[in-house]
Amino acid sequence: MRTALARRLGAAAVGTLLLASAAALAQQPAAKTAEIGIDNFKFAPATLTVAPGTAVTWSNHDEEPHNIVNIDQPRRFRSPAIDGGEKFTFLFNEPGTYKYICAVHPHMEGTVVVK
């Protein structure tokens with residue numbers, strides 16, 4: 001009798017923990033994401049404002065390879081060359097203004113503002 005009661009109490013405790021865990025996960029904010037397109041040798045949008053903790057993805061829609069190079073010192077990010085149809089993602093955790101270019105085509109300029 002005691003064993004059955006102990007099992008029921010244990011199962012109830014586990015159920016309560018699972019419900020509490022599910023509720024805590026539901027309250028967490030969804031991951032923040034944003035996208036910058038590379039079209040016709042331009043970054044669009046040229047300036048993007050995001051909250052800290054946002055993952056920004058650059059998507060190359062051109063046929064030419066491009067890269068994304070932060071020009072500030074110290075440099076925070078530098079992508080490899082990304083071909084048409086490829087992407088590069090960087091997670092912006094720190095507030096600030098991040099200017100970048102395509103080092104292959106330096107006339108291509110953009111800014112990510114994190115606040």
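In this predicted model, strand β1 (residues 32-39) is joined to β4 by 7 bridges, and the two strands run parallel. Within that pairing, Thr33 stands opposite Ala55 in β4. On the β2 side, β1 pairs with β2 in the antiparallel sense over 3 bridges, and here Ile38 faces Phe43 of β2 as its opposite residue. The hairpin that β1 and β2 make has 2 residues between the strands, and in it Asn40 adopts a positive phi near 50 degrees.

These pairings belong to an open sheet of 4 strands, arranged in the order β2-β1-β4-β6 with mixed pairing. Because β2 (42-44) and β6 stand at the edges and each has a single partner strand, one side of each is left without a neighbour in the sheet. On average, and with direction ignored, neighbouring strands of this sheet are turned by 25 degrees against each other. The partner of β6 is β4, to which 6 bridges join it in an antiparallel arrangement, and in this pairing Trp58 stands opposite Phe88 of β6.

| Strand pair | Bridges | Direction |
|---|---|---|
| β1 and β4 | 7 bridges | parallel |
| β4 and β6 | 6 bridges | antiparallel |
| β1 and β2 | 3 bridges | antiparallel |

The aromatic side chains add a further set of contacts, since the structure holds 10 aromatic pairs. One of these is formed by Trp58 and Phe92, whose rings are tilted, with 6.4 Å centre to centre and 55 degrees between the planes. This pair links distant parts of the chain, for Trp58 lies in strand β4 (residues 54-60) and Phe92 in strand β6 (residues 87-92), 34 residues apart. Both Trp58 and Phe92 are buried.

Phe92 also forms an aromatic pair with Phe77, and that pair is edge-to-face, at 5.5 Å centre to centre and with 80 degrees between the planes. Here, too, distant parts of the chain are linked: Phe77 sits in the loop between β5 (69-70) and β6, whereas Phe92 is in strand β6, 15 residues apart. Phe77 is buried, as is Phe92.

Trp58, Phe77 and Phe92 are among the members of one aromatic cluster, which also includes Phe43, Phe88, Phe90, Tyr98 and Tyr100. Several of these names recur from the account of the sheet: Phe43 is the residue of β2 opposite Ile38, while Phe88 is the residue of β6 opposite Trp58.

Methods:
Residues are numbered from 1 along each chain as its sequence is written. This is a predicted model: local features need pLDDT of at least 70, side-chain atom pairs count only at pLDDT 80 or more; totals for chains, interfaces and linings use all residues. Side-chain values use heavy atoms; hydrogens and water are left out. Rings of Phe, Tyr and Trp (its six-membered ring) pair if their centres lie within 6.5 Å; planes under 30 degrees apart count as stacked, over 60 as edge-to-face and the rest as tilted. Buried means under 20% relative accessible area, exposed over 50%, partly exposed in between (1.4 Å probe, protein chains only). Two strands pair if DSSP finds at least two bridges between them. Axes are lines fitted to C-alpha atoms, for helices over the stretch in contact, and angles run from 0 to 180 degrees between N-to-C directions.
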